Each structure stands twice: as C-alpha cells, then as structure tokens.
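Q: I am new to this structure and would like a close look at one part of it, the charged side chains that pair with each other. Please take it step by step.

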Amino acid sequence: MRKKQFKAESKKLLDMMIHSIYTNKEIFIRELISNASDAIDKLYFKSLTDDSVGMSKGDFEITVDADKDARTITISDNGIGMTSDELEANLGTIAKSGSLNFKKDNEEAKKNDIEVIGQFGVGFYSSFMVASKVEVVSKAFGADTAYKWISEGADGYTIEECEKDEAGTVITLYIKEDTDNDDYSQFLEQYRLSELIRKYSDYIRYPIKMAMTHSVPDEEKEGEYKEEVTVDTLNSMIPLWRKNKSEIKEDEYNEFYKNKFMDYENPLSVIHSKTEGQATFDALIYIPSKPPYDFYSKEYEKGLQLYTNGVLIMDKCSDLVPDYFSFVKGIVDSADLSLNISREILQQDYQLKIIAKAIDKKIKNELKKMLNNDRDKYETFFETFGVQLKWGIYANYGMEKDALKDFILFKSSKENKYVTLKEYVEAMAENQDVIYYACGESAEKIALLPQTEAVKAKGYDVLYFTDDVDEFAIQMLMEYAGKKFANICKDDLNLSSEEEKKALDEKNEASKDMLEEMKGYLNDEVSAVKFTDSIGNHAVCLSAEGFVSLEMAKVLSQMPGGNQGMKAQLVLEINAEHKVAEKLYELFAQDKDKLKAYTNILYNQARLISGLQIENPTEFADMVTDLM
C-alpha cells in the first residue's frame with residue numbers, strides 16, 4: 001500500500017467541491033446513489049449480451065445502512081465494480097467520469113433502456129462535505145481481486161487489496177462530528193436518511209433497501225408496542241409520468257398529486273405528455289383546484305420539479321413556467337439538459353427554452369380544450385386563477401396579450417354570466433362599434449351605475465370589470481377584433497344621435513357661466529361641470545376625462561407611495577332632462593348660496609354613486625337636512 005497524492009489541479013478542485021460547488025450538503029446521498037445506479041446499469045447492459053453475468057434485472061439492488069454508534073453511512077451496490085486501475089482513474093482524478101465514457105462508448109445502451117445518470121465525475125466527492133473519511137471497497141465483475149480506496153480529503157488516498165466475495169462496490173462514509181453551525185448527526189437518523197432518499201432518488205430504477213425500525217403492536221402485551229426491524233424498499237422506482245397514460249387511472253393521478261404537492265383536494269386538470277424532437281422530455285403538470293395557502297405571499301415560489309432520468313435536480317425550476325401560469329404544479333423529466341458541474345444549477349441553454357415553450361403551449365391547449373368543452377369547469381378555474389391571466393396580458397409591455405386574450409372572461413350586463421371577448425363581439429348590436437365596459441367593486445354595484453342603465457337602454461351590452469388589473473389589461477390590449485374598448489364612466493361616452501349631440505352642445509354653451517360658477521364652488525375637485533344625456537333617468541354622475549379612469553385612480557392610490565401624480569380628472573355630469581337642471585337655473589338667477597349647497601350635494605351624491613368616499617360626511621348630511 002502506498003499513499004498517493006491527488007494532482008495539484010485535482011486538490012484545488014476537491015477543495016472547491018467541499019466548499020463552493022455544492023451548496024446543499026444533503027445531496028451527497030443523491031450523488032452516491034446515482035453512482036451506484038450507474039454501476040448497476042453497466043452490469044445490466046453487459047448481461048444483455050453476456051450470459052456469464054448470470055443476473056436478471058430483478059437481482060440488482062442498492063443497500064443503505066446507517067450506524068449511529070460508529071457514525072458511518074454505507075451505500076452498497078451489486079453493479080459492475082472497479083479494478084485497481086479504474087479506482088485510480090475514476091477516484092484518483094477528480095472530474096474523471098467513467099459514466100460519461102460509458103455513455104460515449106455505448107450508444108446502444110439507450111436503445112436498451114440504459115440511461116446513465118452521471119456525467120461529470122465529481123458527484124462522488126460531495127461525500128467529503130459530510131464525511132471526514134471515505135472508504136470504497138470494490139470488486140470488478142470477472143476479477144479475482146477486490147481493492148479498497150481510502151481518502152481523508154485533499155491529502156491524498158491509498159489503494160490496497162482486500163477481500164470481497166461478489167462484484168460491486170461498498171462506500172463507507174465516516175460522518176464528521178457536529179459543530180456549532182452544522183448538524184452532521186442528522187444524516188445518521190433513519191427517518192432523515194430515508195426522507196432524503198425518497199426526495200432525491202425515488203425514481204431510481206433499482207430498489208434502494210434499508211433496515212428500518214418500526215413501532216408495531218405487541219401481540220403478547222395488549223395495548224403496548226414493540227420495535228421491529230424490517231428491510232424496506234424506500235423508492236417507488238417507476239415514475240408515474242413514464243407510464244403510458246392508458247395504464248393510469250384518474251385516482252392514481254390524483255393521489256400522486258396530493259401526496260407529491262401536499263394538497264388535500266384533487267387537481268382540476270392533469271396534463272400528461274411525452275415530447276420528442278428538438279427536446280425530449282416527459283411532463284406531468286397539474287392545474288390545482290384551489291391556490292396554495294401562500295400563493296399571494298412573497299414567500300411563494302413558482303416552478304416545476306426538474307428531474308433528469310428520474311433523479312431530482314431542482315425542486316422548483318422557475319424558468320419552466322411564466323408568471324401567468326405560476327399556479328401550476330408538476331414535474332419535467334429530461335435527459336437532454338445541460339447541467340452545471342454540481343447538477344444543482346441548470347445551465348441557461350437552448351434546450352431549457354424549448355422545453356419551457358412546449359410546456360407553455362401544452363397548458364394553453366389544455367385551457368382552450370376546457371373552455372370549449374367544459375365551460376363550467378373552465379369558469380371554476382377562471383374564478384380562481386383568472387387574475388393571473390389578466391396580469392399576463394398587462395405584464396412585459398403586453399408581450400403575451402395576443403396569446404392570452406381569448407382566455408379571459410368578464411361578467412356581462414345582458415347575459416349576467418361570464419363571456420369571452422369573442423362571444424361579446426359576436427353578439428354586438430349591428431350599429432355598435434365599440435366594446436363597452438365599466439369598473440367597480442362588484443357586478444351588482446356596476447349594474448346600478450347611471451351610465452350602465454343608459455347604455456343598456458340603447459340595447460348595448462356592458463362588460464363588468466371587478467378586478468384591479470382589468471382596466472390595465474384592456475388598456476394594454478387596446479382593441480379586440482378591430483373593436484376598441486370604451487369605458488362608460490369616461491366623459492366621452494357618446495350614445496346620442498348627431499341631432500341630440502348638437503342640442504346638448506348648445507345647452508352646455510348657453511349654460512357656460514352657471515357651470516363655471518358651480519365648478520368654482522368645488523375648489524378644483526373636478527375639472528369640469530357639464531350637462532349630459534347619457535345617464536338615463538338619474539340626476540347626476542361622475543365621469544373622468546383623459547387616460548386615468550376613476551377605477552384606475554383608486555388602484556394607483558392604494559399602491560405603495562400612493563401615486564399621487566396619477567389622479568383622475570373628474571367631471572361632474574348633470575342630466576340635462578332632469579328636474580334638477582331646472583332648479584339649478586332658478587338658483588343661479590336668484591340664490592347663489594343655495595346653488596353652492598346644491599352643487600356640493602350633487603357632487604357628493606355622484607361620489608357615492610361612483611363608490612368614492614365623501615371627505616366630510618357630517619357636512620353632507622347637514623346640507624341635505626337643511627334642504628329638507
């Protein structure tokens with residue numbers, strides 16, 4: 001036995017391995033089990049053409065054992081094993097990957113369902129994050145002699161002959177002592193070790209076995225329990241997403257979702273697909289019935305679980321789903337991705353973008369199918385997650401507006417139910433050239449607006465915007481099918497004929513002095529006071545002129561900082577045909593003080609109708625009482 005040194009560059013890389021490349025200590029178990037799986041894959045591949053192997057796929061297994069007293073973790077496999085030269089090459093030279101060479105030299109392996117996981121030859125050294133010493137005992141298939149490789153880290157390693165009956169490899173980690181900052185003993189606990197195996201290696205294709213202690217009823221002592229040790233298979237081995245859809249029942253999809261993503265309700269929809277071509281991947285994507293409990297908090301992280309050949313690489317890969325689909329849960333499994341050296345960070349490569357684009361398309365196709373074939377189900381989905389789609393239209397300067405515009409719904413004044421923009425346009429009156437909408441806290445309150453009554457009286461439908469984002473999204477959309485959008489609470493609402501419009505203009509011009517006087521009473525609270533013929537039988541309303549509407553101003557005022565520079569320019573509109581108009585003319589000629597009181601009352605009434613607060617409710621109540 002002779003002490004051997006790592007090459008200088010390997011020593012430096014080993015130091016990086018322990019302190020920099022891997023950020024999460026617990027993944028050492030993933031790397032070592034993946035290596036064991038690769039070793040078994042190689043022997044299984046050999047067995048397909050070499051009868052001397054004498055083993056079938058069901059004979060292969062990986063065994064894990066933890067000894068708390070000795071502070072050791074042992075991972076054993078009955079795979080291909082390594083010769084002395086292979087130990088020297090694969091473990092003596094960091095970043096030398098026998099698995100990568102195997103993949104290069106055996107292209108036929110993939111045709112026989114052999115998918116080797118390892119590529120970089122550095123995963124083994126993650127063990128030094130938790131171990132002060134590592135022993136590897138290995139016997140190559142067909143060899144007469146076994147060898148032991150021992151290392152305590154960057155100081156080097158030794159290789160010596162040893163005894164081992166069967167081919168395969170046994171790795172023993174001598175776990176470090178705990179420090180103030182690191183709890184290494186956790187990895188010696190059965191429950192913790194089994195938890196990590198299920199988390200990262202649940203879909204390794206060979207059974208991962210471990211002796212587990214269970215508490216079971218004592219048959220000899222009623223009401224008491226005893227401990228029983230059984231050898232359990234910890235991994236499920238076959239990923240649900242790799243099965244044929246025809247073999248999977250709805251209950252299996254649902255149970256998998258609830259267990260995997262910790263939801264107590266069944267998902268609303270399941271998308272299960274296999275894609276081949278520019279990028280080959282399996283995907284199992286769920287649309288939840290309800291948002292996660294933390295969905296609207298800053299702590300929520302979007303993303304799909306990312307696997308490569310059944311091994312978990314990233315728990316939440318945010319790059320796979322856009323923000324407007326942040327509610328989806330699911331899994332993507334691909335062998336085509338370029339990973340960084342630690343397999344913890346995904347390289348931003350072309351393959352990832354292809355997969356993300358394909359997933360986006362699959363979700364949209366599923367929603368389109370739901371919208372067309374199961375309207376009730378889609379409306380249930382939209383009531384839960386529709387706001388996300390609307391934000392998707394508004395976000396990123398409207399880059400996705402054309403792709404999402406046919407997925408949004410609004411309540412309609414005529415139908416009193418959800419309609420798409422397409423359905424609204426198809427049902428428009430023959431002489432209607434714009435899409436009318438109004439904003440408010442609820443459909444019920446919008447229906448009571450004077451403008452809504454007037455528009456409906458003309459035979460036109462009104463879309464009810466009840467979410468803060470609605471008008472912002474529509475402003476980004478600008479038009480649909482060539483029809484522009486018109487807010488019925490803006491001062492340019494035009495429901496009149498040319499003759500009616502001309503008569504109204506003449507009335508406003510003739511009443512100019514009175515209207516300016518009334519505007520002055522309101523101390524710049526409004527930009528104008530004018531007569532209108534677009535509020536049905538109601539006496540008064542507020543509208544807005546310019547880009548910022550009443551509802552937009554409300555939303556902006558609630559944002560951090562208040563956005564005080566984005567106020568709506570309010571217009572007080574008075575029904576030209578209402579009796580109150582005659583009273584105003586009379587007061588303008590005879591009693592300016594009472595005209596001022598009337599003006600303030602009308603303005604506050606209009607604010608109430610529009611859902612705005614009154615600055616001085618007591619004063620308003622007193623003025624009404626005085627008039628009574």
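To begin with Asp 50: does it count as buried, partly exposed or exposed, and what is its relative accessibility?

A: The model is a predicted one. In it, Asp 50 counts as partly exposed, because its relative accessibility is 22% and the buried class ends under 20%. Asp 50 is paired with Lys 46 in a salt bridge, where the closest N and O atoms are 3.6 Å apart. Lys 46 is partly exposed as well, with a relative accessible area of 32%.

This pair belongs to a longer list, since a search of the whole structure finds 27 salt bridges. Another of them joins Asp 402 to Lys 405, again with 3.6 Å between the closest N and O atoms. Here Asp 402 is exposed at 53% relative accessibility, whereas Lys 405 is partly exposed at 21%.

Some salt bridges share partners, and in this way Glu 26, Arg 192, Glu 195 and Lys 199 form one network. Within that network, the side chains of Lys 199 and Glu 26 meet at 3.1 Å, N to O. The two residues come from distant parts of the chain, 173 residues apart: Lys 199 is in helix α6 (residues 190-201), and Glu 26 is in the loop between α1 (8-21) and α2 (28-47). Glu 26 is buried, with a relative accessible area of 10%, while Lys 199 is partly exposed at 36%.

Other acidic residues belong to a negative surface patch, made up of Glu 498, Glu 499, Glu 500, Asp 533 and Glu 577. Of these, Glu 498 lies in helix α15 (residues 498-510) and is exposed, with a relative accessible area of 59%.

Notes. Residues are numbered from 1 along each chain as its sequence is written. This is a predicted model: local features need pLDDT of at least 70, side-chain atom pairs count only at pLDDT 80 or more; totals for chains, interfaces and linings use all residues. Side-chain values use heavy atoms; hydrogens and water are left out. Patches are made of residues with over 30% relative accessible area and no salt bridge: like charges are joined within 9 Å, nonpolar side chains (Val, Leu, Ile, Met, Phe, Trp, Tyr) within 5 Å. Accessible areas come from the Shrake-Rupley method with a 1.4 Å probe; for residues, only the protein chains shown count as cover. A salt bridge is a side-chain nitrogen of Lys or Arg within 4 Å of a carboxyl oxygen of Asp or Glu. Lys and Arg count as positive and Asp and Glu as negative; His and the chain ends are not counted. The place of a charge is taken as NZ of Lys, CZ of Arg, CG of Asp or CD of Glu. Helices (H or I, at least four residues) and strands (E, at least two) are DSSP runs, numbered from the N terminus. Buried means under 20% relative accessible area, exposed over 50%, partly exposed in between (1.4 Å probe, protein chains only).
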